[in-house]
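Here's a walk through one structure, with an eye on its ligands and a few backbone oddities. Have the model open as you read.

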Amino acid sequence: MPTQIILDCDPGHDDAVAMLLAHGNPLVELVAVTTVFGNQTVEKTTRNALAVAAVAGITGVPFARGAHRPLVRTIETAESIHGESGLDGPHLPEPAFALDPRHAVDLIIDTILAAPPRTITLVPTAALTNIALAVRKEPRIAGLVKEVVLMGGGYAGGNWSATSEFNIVIDPEAAHIVFNESWPLTMVGLDVTHHALATPEVVAGIAAIGTPVARFVGELMDFFARSYRDAQGFEHPPVHDPVAVAYVIDPSVLTVRTAPLDVELTGTITLGMTVADLRQPAPEGTTTRVATRIDAPKFWSLVTEAIRAIG
Ligand code: PIR
Ligand code: CA
């Protein structure tokens, strides 16, 4: 039985790759895709999610639009990295199906309540606004999900401020809610995703597949590499979000460690910092884990094979 996942995302170049990995790998099954503001407005990230679905031939999976702004703060987007559309680079086809009429929060809740207990894994790869709203609206989901595996945060520094990662700092109150819930939670942060680099060898391996999906990914990576070089000084771009999906597929992709985690809400220069208490041993009953190392070749082979499998 594949692991059933809900992908909550803001496509976004790396979110798009996360969706393709989830669709193309037989060990996970996408049961819902929900969208949130972040890399761009929620109108744009939702449109992009549907475009990726059209490119990849994803059908029969409900897609729903979610939160349009953070719980407390004003909206901030990552246009400098992802462009005006949020998914600049390739041509984006028109949606091939309609959105689910429900709000993302309701689709998340309904999907979890309808499934057998502890079978659904939540994979957020964006601001945690929808997830926080869902667990506040229906607290039973905290005990019903299998786990939360999220891309966000980092214990050794940020990318949107010195201390803080984008997905966390754009809605720190939502992240605080999600990190302090009782569900098992794994933080896949910059500590590992900054080693998931789309090197020329990786990109060439994907291009060699030669399908329209592989070409689409090539065009995404071209744009992403350029903006990561210009805006953040990276030689090769880190492809963050599929790392969380890869961990659900094959936990040996990451080394993880049980550690208390929390999100800074009152720091004057550390707002949105994810603080991991790495002292040993972790207190009895700690339900949070943090990724500390990545097997990058294994990660990229999962991504490449998924793109090949989509055909
Ligand atoms: C990536 C993102 C935002 C800002 C930058 N500079 C780079 C998006 C990605 O989609 C990923 O989910 C996360 N936020 C990485 O910080
Ligand atoms: Ca994202």
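Which helices each supply at least two residues of the shell around ligand 1? They are α1 (13-24), α3 (79-82), α7 (166-169) and α11 (212-232). Keep in mind that this is a predicted model.

## Around ligand 1

In all, 17 residues surround ligand 1, and the closest are Asp14, Asn159, Glu165, Asn167 and Asp241. By type, the shell splits into 6 nonpolar, 7 polar and 4 charged residues.

Three side chains are worth clicking on for their polar contacts. Glu165 puts a side-chain N or O atom 2.4 Å from an oxygen atom of ligand 1. For Asp14, a polar side-chain atom sits 2.7 Å from an oxygen of the ligand. With Asn167 the partner is a nitrogen atom of ligand 1, and the distance to an N or O atom of the side chain is 2.9 Å. As for cover, ligand 1 exposes 370 Å² when taken alone, and the protein buries 100% of that. The space that ligand 1 takes up is the largest cavity.

## The calcium site

Now for ligand 2, the calcium ion. Its coordination comes from Asp10 (OD), Asp15 (OD), Asp15 (OD), Thr125 (O) and Asp241 (OD), at 2.3 to 2.5 Å. Asp15 is listed twice there, and Asp241 also turns up among the residues closest to ligand 1.

Along the chain, the calcium donors follow the spacing D-x4-D-x109-T-x115-D. Asp10 belongs to the loop between β1 (3-9) and α1, while Thr125 is in the loop between β4 (120-124) and α5 (129-137), so this pair ties together parts that lie 115 residues apart in sequence.

## Backbone oddities

Most residues other than glycine have a negative phi, and most peptide bonds are trans. With that in mind, a few spots stand out.

The peptide bond from Pro11 to Gly12 is cis, with omega near -15 degrees. Gly12 is in the loop between β1 and α1, and Asp10 of the calcium site is in that loop too. Another cis bond runs from Gln280 to Pro281, with omega near -10 degrees; Pro281 is placed in the loop between β9 (274-276) and β10 (288-294).

Then there's Arg118, a non-glycine residue with a positive phi, near 55 degrees. Look for Arg118 in the loop between α4 (104-114) and β4.

Key. Residues are numbered from 1 along each chain as its sequence is written. Chains are lettered from A and ligands numbered from 1 in the order in which they are written. This is a predicted model: local features need pLDDT of at least 70, side-chain atom pairs count only at pLDDT 80 or more; totals for chains, interfaces and linings use all residues. Side-chain values use heavy atoms; hydrogens and water are left out. A residue is near a molecule or strand if one of its heavy atoms lies within 4 Å of it. A polar contact is a pair of N or O atoms within 3.5 Å; within protein, one must be able to donate a hydrogen and the other to accept it, and residues adjacent in sequence count only if both atoms are side-chain atoms. Accessible areas come from the Shrake-Rupley method with a 1.4 Å probe; for residues, only the protein chains shown count as cover. On a 1 Å grid over the protein atoms alone, a cavity is a set of points where a 1.4 Å probe fits but cannot get out, and a pocket is an open set with protein on both sides within 12 Å along at least five of seven lines; lining residues have an atom within 4 Å of a point. A molecule sits in a cavity or pocket if more than half of its atoms lie within 2 Å of its grid points. Helices (H or I, at least four residues) and strands (E, at least two) are DSSP runs, numbered from the N terminus. Ala, Val, Leu, Ile, Met, Phe, Trp, Tyr, Cys and Pro count as nonpolar, Asp, Glu, Lys and Arg as charged, and the others, Gly among them, as polar. Donors are N, O and S atoms within 2.8 Å of the metal (3.2 Å for Na, K and Ca); water is not among the atoms, so sites may look incomplete.
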